[in-house]
Amino acid sequence: MKKIIVANWKMNPDSLREAKELFAFVKKKFKKSKTQIIVCPPAVYLESLNNLNQKNKNIFLGGQDFFKEEGDSWTGKLSLKMLKNSGAKFCLLGHSELVALGESDEEINFKLKKVLKERVKAILCVGEKERDINGDYFSYLEKQLQARLNGVGQAFLKNLVIAYEPSWAIGNKAKGILEPEELVQMKIFIKRFLSDKYGSKKAETIKILYGGSVFAKNAEVLLETGIDGFLLGRASLKEDEFAKILDIVNGGE
Ligand code: PGA
């Protein structure tokens with residue numbers, strides 16, 4: 001199965017010029033890569049980057065978020081249709097940085113169904129906020145999966161990617177690093193949930209990525225867990241780091 005790398009640029013870079021430079025680098029690096037890359041830039045850069053990405057079958061653009069309502073008067077908001085019309089073929093959903101700002105499981109579920117209905121591919125983030133010695137994070141994750149995938153039928157699964165992203169391991173405020181053995185456990189747990197919900201054959205087809213402080217130094221051991229790829233934040237903004245990770249993922253196929 002083709003591996004996937006998602007580059008979540010978050011609120012970076014500060015200018016279109018820099019965004020184009022970074023994207024040009026990604027294009028050069030991924031042109032003949034065996035790995036699929038999904039670049040999720042700030043929405044203001046989507047259309048320009050999309051214009052630079054015609055006919056590319058390995059690199060896709062994705063949105064980072066959109067507002068759940070359509071049309072009407074919503075100052076400062078951005079719709080799914082706008083993302084789609086600007087070239088987004090994928091969309092991130094449920095990122096913990098948005099959950100921290102108040103996005104609920106119900107909203108994520110609503111947006112997920114909307115994305116899938118619009119035939120945009122979804123990268124659904126799930127993951128616990130913290131770890132405890134009793135293992136309560138397993139039931140936390142199960143509830144999250146239940147709520148976020150509520151009502152999502154089998155027919156949509158081909159357009160769904162799951163990114164396991166424990167929020168305690170993400171970004172500059174990360175409290176720790178997930179160990180490969182822990183990732184194996186979480187992957188099995190998520191697969192089992194998906195098998196129970198959709199049957200094992202269907203569950204097998206859903207790719208599971210890992211995100212949270214992935215850098216060149218730990219990418220290889222994390223990949224050895226059998227994960228289908230990575231969701232990168234900081235590392236996707238640094239050309240050399242990003243290139244090293246890609247080489248690791250390409251080599252690991
Ligand atoms: P990080 O971010 O790689 O900078 O930890 C990952 C993410 O937010 O998805």
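**Strand S2 and the Asp-132 loop**

Both faces of strand S2 are covered: Gln-36, Ile-38 and Cys-40 are buried on one side, and Ile-37 and Val-39 are buried on the other. The model is predicted. S2 spans residues 36–40, and 5 of its 5 residues are buried. In a regular strand, side chains alternate between the two faces of the sheet.

**S2 and S1**
- Strand S1 covers residues 4–8 and pairs with S2 in the parallel sense.
- The pairing of S1 and S2 runs over 5 bridges.
- Ile-5 stands opposite Ile-37 of S2.
- From S1 the chain passes through helix H1, residues 16–30, to reach S2.
- This β-α-β crossover is right-handed.

**S2 and S3**
- Strand S3, residues 59–63, runs parallel to S2 and is joined to S2 by 3 bridges.
- Ile-37 has Ile-59 as its bridge partner in S3.
- The chain leaves S2, passes through helix H2, residues 43–51, and arrives at S3.
- The β-α-β crossover from S2 to S3 is right-handed.

**Asp-132**
- Asp-132 sits in the loop between strand S5, residues 121–126, and helix H6, residues 136–148.
- Its relative accessible area is 27%, so Asp-132 counts as partly exposed: the value falls between the 20% limit for buried and the 50% limit for exposed.
- A polar atom of the Asp-132 side chain lies 2.9 Å from the backbone nitrogen of Gly-135.
- For the backbone nitrogen of Tyr-137, the distance to a polar atom of the Asp-132 side chain is 3.3 Å.

Conventions. Residues numbered from 1 in each chain as written. Predicted model: local features only at pLDDT ≥ 70, side-chain atom pairs only at ≥ 80, totals over all residues. Heavy atoms only, no water. Buried < 20%, exposed > 50% of the residue type's maximum accessible area, 1.4 Å probe, protein only. Helix = DSSP H or I, 4+ residues; strand = E, 2+ residues; numbered from the N terminus. Pairing = 2+ DSSP bridges. Right-handed = clockwise from strand over helix to strand, strands pointing away. Polar contact = N/O pair within 3.5 Å; in protein donor to acceptor, adjacent residues only side chain to side chain.
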